Amino acid sequence: MLIDRHGGTGFKLTPQRLAILEYLDGNTSHPAAEDIYREVKKRFRTMSFATVYNTLEVLKRHGGVLELTIDPERKHYDPNTAPHHHLICLKCKKIVDVHTDFKINIPADQRQGFKVTGNHIEFYGICPECIKERRS
Ligand code: ZN
Ligand code: MN
C-alpha cells in the first residue's frame, strides 16, 4: 500500500500529505494534479496547489506514483506502479488501465546495445459514453 511505503525515511508525513496519499491510494482514475487538488481541498480548506504539486514530485522521485504523459494537455498520476498499459478516450480524456502482457520486444538488431527492462503502451480511442453521445 502506498501509505505504508512512504511513512518511513525521507518523506515527512504532514496531515496535508497524508490526505493526498489517502486520496491516491487505490485510485484508478488517473487524476491530474488539478483533480487531486480539487478533491483534497474539500477536506482540507488550507490545502494549496503547490502542496499537491510538490507532494506528487516527491512521490514520483520515491517511486510512489507514476507520471503519465498520455494526455498531451495535462500530466496524470497513477499510484499503481506495477507494469500495465493505458487506454485514453480522445474525446473526454478518460484514462483506463489495460492489464494485458503483450509480450512485445525490440528485435535484437534494433536494441542498439540497450538492455530493455520494460515498456508502456498508450492506446487511444473513443470510450463507450462518448460513442453513445456521438450517436444521439
Ligand atoms: Zn470519452
Ligand atoms: Mn494505470
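## A tour from the zinc site to the pocket

Cys-127 is a buried residue, with a relative accessible area of 7%, and selecting Cys-127 is a convenient way to begin a walk through this structure, which is a predicted model.

Keep Cys-127 in view and add the zinc ion (ligand 1): the protein donors of this ion are the SG atoms of Cys-89, Cys-92, Cys-127 and Cys-130, lying 2.3 Å from it. If you display the angles among the four donor atoms, they run from 104 to 115 degrees, and the site is tetrahedral. For comparison, the ideal angle for four tetrahedral donors is 109.5 degrees. Along the chain, the donors of the zinc ion follow the spacing C-x2-C-x34-C-x2-C. Cys-92 and Cys-127 link distant parts of the chain, 35 residues apart, with Cys-92 in the loop between strand S3 (85–89) and strand S4 (95–98), and Cys-127 in the loop between strand S5 (122–125) and helix H5 (128–135). Select Cys-92 on its own next, and ask which exposure class it falls into. Cys-92 counts as partly exposed because its relative accessibility is 38%, whereas Cys-127, at 7%, is buried.

Move on to the rings, of which the structure holds three aromatic pairs. Select Phe-102 and Phe-123, a tilted pair whose ring centres are 5.5 Å apart and whose planes make 45 degrees with each other. This pair, too, links distant parts of the chain, since Phe-102 sits in the loop between S4 and S5 while Phe-123 belongs to strand S5, 21 residues apart. Phe-102 is partly exposed at 33% relative accessibility, and Phe-123 is likewise partly exposed, with a relative accessible area of 32%. For another aromatic group, select Tyr-37, Phe-49 and Tyr-53, which form one cluster.

Return to Phe-102 and turn on a pocket surface, as Phe-102 is among the residues that line the largest pocket. The volume of this pocket is about 160 Å³. Its lining can be selected as Pro-83, His-84, His-85, Val-98, His-99, Thr-100, Asp-101, Phe-102, Lys-103, Ile-104, Gly-118 and Asn-119. Coloured by residue type, the lining divides into four nonpolar, six polar and two charged residues.

Finish at helix H2, residues 15–24, where the selection to make is the buried set: Arg-17, Ala-19, Ile-20, Leu-21 and Leu-24. Then step to Gly-26, just after H2, and check the backbone there, where phi is positive at about 75 degrees.

How values were computed
Residues are numbered from 1 along each chain as its sequence is written. Chains are lettered from A and ligands numbered from 1 in the order in which they are written. This is a predicted model: local features need pLDDT of at least 70, side-chain atom pairs count only at pLDDT 80 or more; totals for chains, interfaces and linings use all residues. Side-chain values use heavy atoms; hydrogens and water are left out. Buried means under 20% relative accessible area, exposed over 50%, partly exposed in between (1.4 Å probe, protein chains only). Helices (H or I, at least four residues) and strands (E, at least two) are DSSP runs, numbered from the N terminus. Donors are N, O and S atoms within 2.8 Å of the metal (3.2 Å for Na, K and Ca); water is not among the atoms, so sites may look incomplete. Four donors count as tetrahedral if all angles lie between 85 and 135 degrees; four count as square planar and six as octahedral if opposite donors are over 155 degrees apart and all others between 65 and 115; anything else is irregular. Rings of Phe, Tyr and Trp (its six-membered ring) pair if their centres lie within 6.5 Å; planes under 30 degrees apart count as stacked, over 60 as edge-to-face and the rest as tilted. On a 1 Å grid over the protein atoms alone, a cavity is a set of points where a 1.4 Å probe fits but cannot get out, and a pocket is an open set with protein on both sides within 12 Å along at least five of seven lines; lining residues have an atom within 4 Å of a point. Grid points are joined across faces, edges and corners, and a volume is the space filled by probe spheres set on the points. Ala, Val, Leu, Ile, Met, Phe, Trp, Tyr, Cys and Pro count as nonpolar, Asp, Glu, Lys and Arg as charged, and the others, Gly among them, as polar.
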